[in-house]
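Please open the structure in your viewer and keep the sequence panel beside it. The tour below proceeds by selection, naming at each stop what to pick and what is found there.

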Amino acid sequence: MNDYIVRATAADGQVRAFAATTKELVEAAREHHNTSPVATAALGRLLTAGAMMGSMMKNDTDMLTLQVRGDGPLGGITVTADSKGDVKGYVNHPDVMLPPKNGKLDVGGAVGIGLLQVIKDMGLKEPYSGQTILVSSEIAEDLTYYFANSEQVPSSVGLGVLMGKDNTVACAGGFIIQMMPFAKEETISQIEENLKNITSVTDHLKKGETPEQILEILLGNLGLEITSTMPAKFYCNCSKERVEKAVISVGKKEIQDMIDDGQDIEVKCHFCNTAYKYSVEELKDILKRCKR
């Protein structure tokens, strides 16, 4: 089963919901960055949220960035997503190991106390930026808090990544439910009841349940209507040309120093860890185009 996102509404448009299965994209991120189990879980949760939140945007050129900055050993997590289900991201310290907490990976301990920032670039003069504190550092609760406080949208976010015995991703996914401003009290109460039937996202995915079945549990008795599905994948649009811009940005002096060293250099893309090599000749070429 490939990764995909389901979009739905219920109760005459009073509720909108998203659910996703993201095992393959989280596993792709793990392979690219060689992340430890707790780093995979933290990055995987934010990637899953990013894919769903990206799918909320309307235009092909819209971009979403999620940044979690905490004082824990992970350092920080950055994820970017577009409106087509493509998502990429990285953690600052991918090899962090922590003992489990209550039998689960200690994502909260790895992230630590800090901030969540959401940046939406929708082609306007200034990107929209919202920031809230991390309330649990477990990612899902932090996003629930963000939606309520920064966007004034009462929401419920569930995210999960389950690692296999061999430390590859066994299953991953999540859901986001959002109440519209005109939602009635009885609809809100019914959703609160329905949420009690979700033990954890990974419990349901482990049983082989699909995003549609998870939405059925959450919204089935409110007239669930699936509006669309779209594929989701880990995708980085980096290229040697794009990474070259990062080389140019270090400035003439540094580039000249690299040339003087007489060694080829290797530059890695933050988002997917792909390494690009530049020979001394290529560096000389870059220096000619360098303005400062």
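## The nonpolar cores

In this predicted model, begin by selecting M53, L74, I77 and Y278, which touch the most other members of the largest nonpolar core, a set of 70 residues. Extend the selection to helix α2 (residues 37-54), since this helix supplies the largest share of that core, eleven residues. Apart from the largest core lies another of 22 residues, and A10, M179, I198 and L219 are among them.

Return now to I77 and display its surroundings: leaving aside residues up to four places away in sequence, I77 touches A42, L43, L46, L66, Q67, V68, Y90, V91, V111 and I139.

## Strands β3, β6 and β7

From L66, one of the contacts of I77, move across to V118 in β6, which stands opposite L66. Selecting both strands in full shows β3 (residues 63-70) and β6 (residues 114-121) running antiparallel, joined by eight bridges.

Next add strand β7 (residues 128-133), which is antiparallel to β6 and joined to it by six bridges; within this pairing, Q117 has Q131 in β7 as its bridge partner. Between β6 and β7, which form a hairpin, there are six residues, and in the turn G123 has a positive phi of about 75 degrees.

## Helix α9

Select helix α9 (residues 252-261) and colour I255, M258 and I259, which are buried. These three cover an arc of only 100 degrees around the axis, and therefore lie on the same side of α9. On the face turned away from that buried side, look for the exposed residues K253, D260 and D261.

To see what covers the buried residues of α9, show its neighbours, including α8 (240-249), β12 (265-268) and α10 (280-289). Just after the helix, stop at G262, which takes a positive phi of about 70 degrees.

## The cysteines

For the last stop, select C238 and C272. Why is the sulfur of C238 not bonded to the closest cysteine sulfur, in C272? The two sulfur atoms are 3.5 Å apart, which is too far for a bond, because a disulfide requires the pair to be within 2.5 Å. A search of the whole structure accordingly finds zero disulfides.

Is C238 buried or exposed? C238 has 18% relative accessibility and so counts as buried, the cut-off being under 20%. C171, which can be selected alongside it, also counts as buried, because its relative accessibility is 8%.

Terms used: Residues are numbered from 1 along each chain as its sequence is written. This is a predicted model: local features need pLDDT of at least 70, side-chain atom pairs count only at pLDDT 80 or more; totals for chains, interfaces and linings use all residues. Side-chain values use heavy atoms; hydrogens and water are left out. A nonpolar core is a set of buried Ala, Val, Leu, Ile, Met, Phe, Trp, Tyr and Cys residues joined through side-chain atoms within 4.5 Å. Buried means under 20% relative accessible area, exposed over 50%, partly exposed in between (1.4 Å probe, protein chains only). Helices (H or I, at least four residues) and strands (E, at least two) are DSSP runs, numbered from the N terminus. Contact means heavy atoms within 4.5 Å. Two strands pair if DSSP finds at least two bridges between them. The arc is that of the directions from the helix axis to the C-beta atoms.
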